[in-house]
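Have the sequence and the model open side by side for this walk through selected parts of the fold. The text moves from paired strands to a pocket, then to single residues.

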Amino acid sequence: LEARRRGTSVYFADRVVPMLPESISNGVCSLQPNDDKRAFSALITLDTTGAIQSYQFAKSVIRSRVRGVYGEVNALFDGTADAEIRAKYAPVADTLSAARELAQILRRRAAQRGYMEFQTIESKFTLDADGKCIDVAPRTTGEAEQLIEHLMLTANEAAARLAQSHNLPFVYRTHAAPAPERLIELRKSLELMGFHADFSPEATPLELAALLRQARETPHSEDVSHRLLRAMAKAKYLPDPVGHYGLALADYCHFTSPIRRYADLAVHRILTDVAAGV
């Protein structure tokens, strides 16, 4: 009941207010290394292009080998990791390499369908002992974050496909196409900035993704991303599978974060019944 009231975990600069009780979110549901944990696994078969061929959702038990840190994995990927980091990840080196290769395939597939990679910078706040902000710096992300993102997108897509194929009462994550008048305004502003913005008021995700790629090689990359984001409709949770424009996906839901988002928890409950044959 408390989780439903909160809806999500809330993240501040120096703390997290969890959606679920801390004994659950940081205890029984945390991925502590070398400890058996109950899980709900999305078992997905892909072809060599990253297209989903089949999927199964099953209750499982997993044993995490290493508590991963994005910065450390990025250092492994770019060759700057020291001996201590390389030793820490040695038990999962082969798996991590395979996941990296798969994520690259999924990222290429996403680009081909019109997935939009916005160039935005989040801020990282440094607080002193009294909780006052003493510094603000850009929060950098790298290949490790993209790896997790594309694996999660695939699991979310498979969950939505399962729901649609079974005609389940469900919670889809949806995103409508931008309003034509907003795209007309966007096109005018981009042309004043010197961009070749020839997309129509009914632009496809592929057209707008091409615009972002065009802007990426210019000093205006973040500005273009910001303007395009402002032109977009707001994503919504709906019971109907109307698709996700920004991700260029026909089927999409939130499945991968049931500890911090109530929508994902609701999806887990629904798919648990399916897995149990209810």
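What follows takes up the hairpins, a pocket, the cysteines, and a few individual positions in turn. The model is predicted.

Begin with strand 3, residues 36-46, and strand 4, residues 52-63. These two strands run antiparallel and are joined by 11 bridges. To fix the register by eye, find Leu-43, which stands opposite Gln-56 in strand 4. Strand 3 and strand 4 form a hairpin, with 5 residues between them. In that turn, Gly-50 has a positive phi of about 90 degrees.

A second hairpin is built from strand 5, residues 122-127, and strand 6, residues 133-139. Strand 5 and strand 6 are paired in the antiparallel sense over 6 bridges. Here Glu-122 stands opposite Arg-139 in strand 6. Between strand 5 and strand 6 there are 5 residues, and Gly-131 in the turn has a positive phi of about 85 degrees.

Strand 5 also leads to a pocket. The second largest pocket has a volume of about 260 Å³, and strand 5 supplies the largest share of its lining, 3 residues. The lining of this pocket consists of Tyr-11, Phe-12, Ala-13, Asp-14, Arg-15, Ser-123, Lys-124, Phe-125 and Arg-139. Arg-139 thus appears in the pocket lining as well as opposite Glu-122 in the strand pair. Sorted by class, the lining of the second largest pocket holds 4 nonpolar, 1 polar and 4 charged residues.

Positive phi values also occur outside glycine in this model. Most residues other than glycine have a negative phi. Asn-34 is not a glycine, yet its phi is positive, at about 60 degrees. Asn-34 sits in the loop between helix 2 (22-28) and strand 3, and at 48% relative accessibility it counts as partly exposed. Ala-248 is another residue other than glycine with a positive phi, in this case near 55 degrees. The loop that holds Ala-248 lies between strand 8 (236-238) and helix 10 (262-275).

Next come the cysteines. How many disulfides does a search of the whole structure find? The search finds 0. For Cys-29, the closest cysteine sulfur is that of Cys-253, and the two are not bonded because 18 Å is too far for a bond. The cut-off for a disulfide is a pair of cysteine sulfur atoms within 2.5 Å. In their surroundings, Cys-29 is partly exposed, with a relative accessible area of 35%, whereas Cys-253 counts as buried at 0% relative accessibility.

Two helix positions complete the walk. Asn-74 is in helix 3, residues 70-78. Is Asn-74 buried or exposed? Asn-74 is buried, since its relative accessible area is 14% and the limit for buried is under 20%. Leaving aside neighbours within four places in sequence, Asn-74 is in contact with Gly-142, Glu-143, Ala-144 and Glu-145.

Ala-103 lies in helix 5, residues 93-113. With 8% relative accessibility, Ala-103 counts as buried. As a last distance to check on screen, the C-alpha atoms of Ala-103 and Ser-60 are separated by 23 Å, and these residues are 43 apart along the chain.

Methods
Residues numbered from 1 in each chain as written. Predicted model: local features only at pLDDT ≥ 70, side-chain atom pairs only at ≥ 80, totals over all residues. Heavy atoms only, no water. Pairing = 2+ DSSP bridges. Helix = DSSP H or I, 4+ residues; strand = E, 2+ residues; numbered from the N terminus. Buried < 20%, exposed > 50% of the residue type's maximum accessible area, 1.4 Å probe, protein only. Contact = heavy atoms within 4.5 Å. 1 Å grid on protein atoms, 1.4 Å probe; cavity = no way out; pocket = protein on both sides within 12 Å on 5 of 7 lines; lining within 4 Å. Points joined across faces, edges and corners; volume = space filled by probe spheres on them. Nonpolar A, V, L, I, M, F, W, Y, C, P; charged D, E, K, R; others polar.
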